[in-house]
Amino acid sequence: MLENFWFNVKYGINHVLDPNGYDHVLFLMVLAVPYVFKDWKRVLLLVSMFTLGHTLSLVLAAYDVVSVNGKLVEFLIPVTILIAAVYNVFTAGKNEKGNKVSLLFFTTLFFGLIHGLGFAREFKMFAGQSENKVELLIEFALGIEIAQVIIVFVVLFLGFLFQTIFRFTRRDWVMVLSAIVIGLVIPMITGSDLLNAS
């Protein structure tokens, strides 16, 4: 029983940290970069919203409630990252944290839904043999949450280093990391099967 629990949790962790699916990490980077350690509660809330959206999509897929166009979902995932990164660039250094959280709250939930749908087919195969899909979903979601907290902590720690040791302003740090993410997601969008379908 415990062995199954850890297997499912590790599956969730590996899903987030998979080098071939780094879109998940990119979104967490743009989500966390505007914040510092004292904002940890706010960041944790946003991260949990992602997990909620992701898990909801997997529930809908596991029980055959939804069926989606894979190419459309794979196109929408980097688009959502791009929106969050561009928003960071335009609001870097401005005191709009309250508004930003409400907007990112919905963006994050939406991203979670989209990303979950992108993973739905693989998860459905994984859950196919399971008698208790709800238990599996909860354990998998726990793994996702653990991995996300690790990534967010790393981003906050790097932000602390760059702002204290390398004397970056908070605005510069947000701009630099968001610009890097934009540079990485644009090829993902332009190279998507949806745009290149003949």
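**Helices and surface: a quick tour**

Let's start with leucine 158, which is partly exposed, with a relative accessible area of 34%. That value puts leucine 158 in the middle class because buried means under 20% and exposed means over 50%. Keep in mind that this is a predicted model. From here, we'll look at the surface and then at how some helices pack.

**Leucine 158 and its patch**
- You'll find leucine 158 in helix α6, which covers residues 133-164.
- Leucine 158 also helps make a nonpolar surface patch of about 750 Å².
- Its partners in that patch are Phe37, Leu142, Ile146, Ile150, Phe153, Val154, Phe157 and Phe160.

**Arginine 121**
- Arginine 121 sits in helix α5, residues 97-127.
- Is arginine 121 buried or exposed? It counts as exposed, because its relative accessibility is 61% and the cut-off for exposed is over 50%.
- Arginine 121 and isoleucine 138 are 17 residues apart along the chain, and their C-alpha atoms are separated by 18 Å.

**How the helices pack**
- Two packed helices are described by the angle between their axes and the distance between the axes.
- Helix α1 (residues 2-17) packs with α6 at an angle of about 45°, and their axes are 7 Å apart.
- So α1 is oblique to α6, and α1 passes α6 in a right-handed crossing.
- Now for helix α2 (residues 23-32) and helix α4 (residues 70-91): their axes come within 9 Å and cross at roughly 20°.
- That angle makes α2 roughly parallel to α4, because angles under 35 degrees count that way.
- The α2 and α4 crossing is left-handed.

Conventions: Residues are numbered from 1 along each chain as its sequence is written. This is a predicted model: local features need pLDDT of at least 70, side-chain atom pairs count only at pLDDT 80 or more; totals for chains, interfaces and linings use all residues. Side-chain values use heavy atoms; hydrogens and water are left out. Patches are made of residues with over 30% relative accessible area and no salt bridge: like charges are joined within 9 Å, nonpolar side chains (Val, Leu, Ile, Met, Phe, Trp, Tyr) within 5 Å. Accessible areas come from the Shrake-Rupley method with a 1.4 Å probe; for residues, only the protein chains shown count as cover. A salt bridge is a side-chain nitrogen of Lys or Arg within 4 Å of a carboxyl oxygen of Asp or Glu. Helices (H or I, at least four residues) and strands (E, at least two) are DSSP runs, numbered from the N terminus. Buried means under 20% relative accessible area, exposed over 50%, partly exposed in between (1.4 Å probe, protein chains only). Axes are lines fitted to C-alpha atoms, for helices over the stretch in contact, and angles run from 0 to 180 degrees between N-to-C directions. Angles under 35 degrees count as roughly parallel, over 145 as roughly antiparallel, 65 to 115 as roughly perpendicular and the rest as oblique. A crossing is left-handed if the near helix is turned anticlockwise from the far one by less than a right angle, and right-handed if clockwise.
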